[in-house]
Amino acid sequence: MNWMDEVLKRKEEIILETQKFLQIKSVLDEKTKQIGAPFGRGIKQALEHLLQKGEKDGFQVKNLDGYAGHIEMGKGKEIVGVLCHVDVVPEGDGWSFDPYGATIHDGKIYARGALDDKGPTMAVYYAMKIVKELGLPLSKRVRMIIGTDEESDWRCVDHYFKHEEMPDIGFAPDADFPIIHAEKGIIDAVFSVNSVNKHAAGKYVLKSFSSGRRFNMVPDFAKAVLGNVQNFSEVEKSFKQFLSASQLKGRMYQNEEGAVAELEGISAHAMEPDNGKNAGIYLANFLSALPLDGEGKGFVDWINRYFYQDTRGKKLDISTQDEVSGELTVNVGIIHYEKGKEKTVSINIRYPVTKKGSEIKEKLEKIAGCQLIHFSDSAPHYVEQNHPLIQTLKKVYEEQTGQKAELISIGGGTYARSLKAGIAFGPLFPGREDIAHQKDEYIYIEDLLKATAIYAQAIYELAK
């Protein structure tokens, strides 16, 4: 069977349908949530778009109250699961193309979700469609499970598996090729910061400070408002010097609130914070050099003390690593400060597969100047290299690419960890830039088609 030939017969259809899918803005929107749309109108639209397409093409489909859905083919007691998601992170700033335009340029489709995870989801859909249209005999059911809250709290997965069977084996097309058999543990933690600098000069008042939208994104924008700034030009000059030294962009201006400082960072996925530049951390670093009031100074000093130039948790005393999955990482995803009100810093930790989240929690609870007010832990996920699932996918990848299928580990968390025997499998090929969660996210059309062929053979080999 030449799987790529079958993909190329459907090339134009795959590209067009992928563009249509990407043009739906499927970002979590609490304002438009309702019964049947628990995560908002856009996500509901994306889920229904895919389910309606599946029904039209003759698959069995099911919508579980808007939380999740599935598209299924084949018969048998066992289930091969392919876990995808239709929600995407917010687009952020600084795009060269419309983030929901699905523009084709230089052999790539540009859109939020092109790589994570709507492009790969469409590749899996057409992989299933190819196997179905060829009439190949299957001894198991193949079920594409469609999540809607992967980028936030995974409420979709919780709801789905309360009502549906757990697949026996499966994969998630939401990371890297060749094969990811280990995923770090993921902790979301929120600190209420009560640190106050009693010795602060108090020349300026920090009225507000905000940065970030998600735990799992490096913030690309931060804003602070200063009051009681008598000499604006002096502060503005200092800010420009800081931006120049840090090789960052930003601006400072005055309005009715006071002196406003805005700083642009570089967004990246929290699994490797060093791929970005955290706007919140940099702005806190600038503010810490100013003569602020005690409340504001205590807050920005606390951030600097524990997070400036440290994404490995050394300052928090939680630094650790192992041979399977590497170092622990820390991302400061959200900063929120309003003078006289609760001040919070929200972080995302990715920790090695051989470590325990409970031990990290104990250390976080001991940090001075704050209170740990939220802690959630998704345990690490690991599949042994001799498992039949891995051996089958190694065979498929090597036959399709002619390259050795090395096993790798990641700091990202995919739906594969929802399964007892699940791994992450593509779509990012070795040597390609990982631009998930960044501006100008894209997928190479060549890679989209190649992944479709790999997924088609993988589905057949696992379910035949």
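Which residues does Leu316 touch, not counting residues up to four places away in sequence? I started my notebook there, keeping in mind that this is a predicted model.

**Leu316**

I listed the neighbours of Leu316 and got Tyr306, Phe307, Val330, Ile347, Leu364 and Ile367, leaving out residues up to four places away in sequence. I then checked where Leu316 sits, and found it in the loop between H8 and strand S15 (321-322). Buried or exposed, I wondered about Leu316? Leu316 comes out at a relative accessible area of 4%, and since the cut-off for buried is under 20%, Leu316 counts as buried. I also took a C-alpha to C-alpha distance from Leu316 to Lys25: they are 37 Å apart in space and 291 residues apart in sequence.

**Helix H7**

Next I went through helix H7 (residues 279-287) for burial. Eight of its nine residues are buried, so H7 is largely enclosed by the rest of the structure. I noted the buried ones as Ala279, Gly280, Ile281, Leu283, Ala284, Asn285, Phe286 and Leu287. What do the buried residues of H7 pack against? I found two helices on that list, H6 (232-246) and H8 (294-307), along with strands S11 (205-211), S12 (221-227), S14 (259-264) and S17 (329-338). I also looked at the start of H7, where Asn278 brings a side-chain oxygen to within 3.0 Å of the backbone nitrogen of Gly280.

**H2 against H11**

Then I turned to a helix pair, H2 (residues 11-22) and H11 (residues 445-463). Their axes lie 11 Å apart, and the helices pack at an angle of about 110°. That falls in the 65 to 115 range, so I put H2 and H11 down as roughly perpendicular to each other. The crossing of H2 past H11 is right-handed. I wrote down who meets whom: Lys11, Ile14, Ile15 and Thr18 come from H2, while H11 supplies Ile445, Leu448, Leu449 and Thr452. Sorted by class, I have five nonpolar, two polar and one charged residues in this contact.

**Ser192**

Last, I picked Ser192, which lies in strand S10 (residues 185-193). Its relative accessible area is 12%, so I logged Ser192 as buried. Which side chain does Ser192 join in a polar contact of 3.2 Å? I found Glu342 as the partner, side chain to side chain. Glu342 also appears among the residues Ser192 touches, with Lys343, Thr344, Gly369, Cys370, Gln371 and Ile373, again not counting residues up to four places away in sequence.

Methods
Residues numbered from 1 in each chain as written. Predicted model: local features only at pLDDT ≥ 70, side-chain atom pairs only at ≥ 80, totals over all residues. Heavy atoms only, no water. Helix = DSSP H or I, 4+ residues; strand = E, 2+ residues; numbered from the N terminus. Buried < 20%, exposed > 50% of the residue type's maximum accessible area, 1.4 Å probe, protein only. Polar contact = N/O pair within 3.5 Å; in protein donor to acceptor, adjacent residues only side chain to side chain. Contact = heavy atoms within 4.5 Å. Axes fitted to C-alpha atoms, helices over the stretch in contact; angles between N-to-C directions. Parallel < 35°, antiparallel > 145°, perpendicular 65-115°, else oblique. Left-handed = near helix turned anticlockwise from the far one by under 90°. Nonpolar A, V, L, I, M, F, W, Y, C, P; charged D, E, K, R; others polar.
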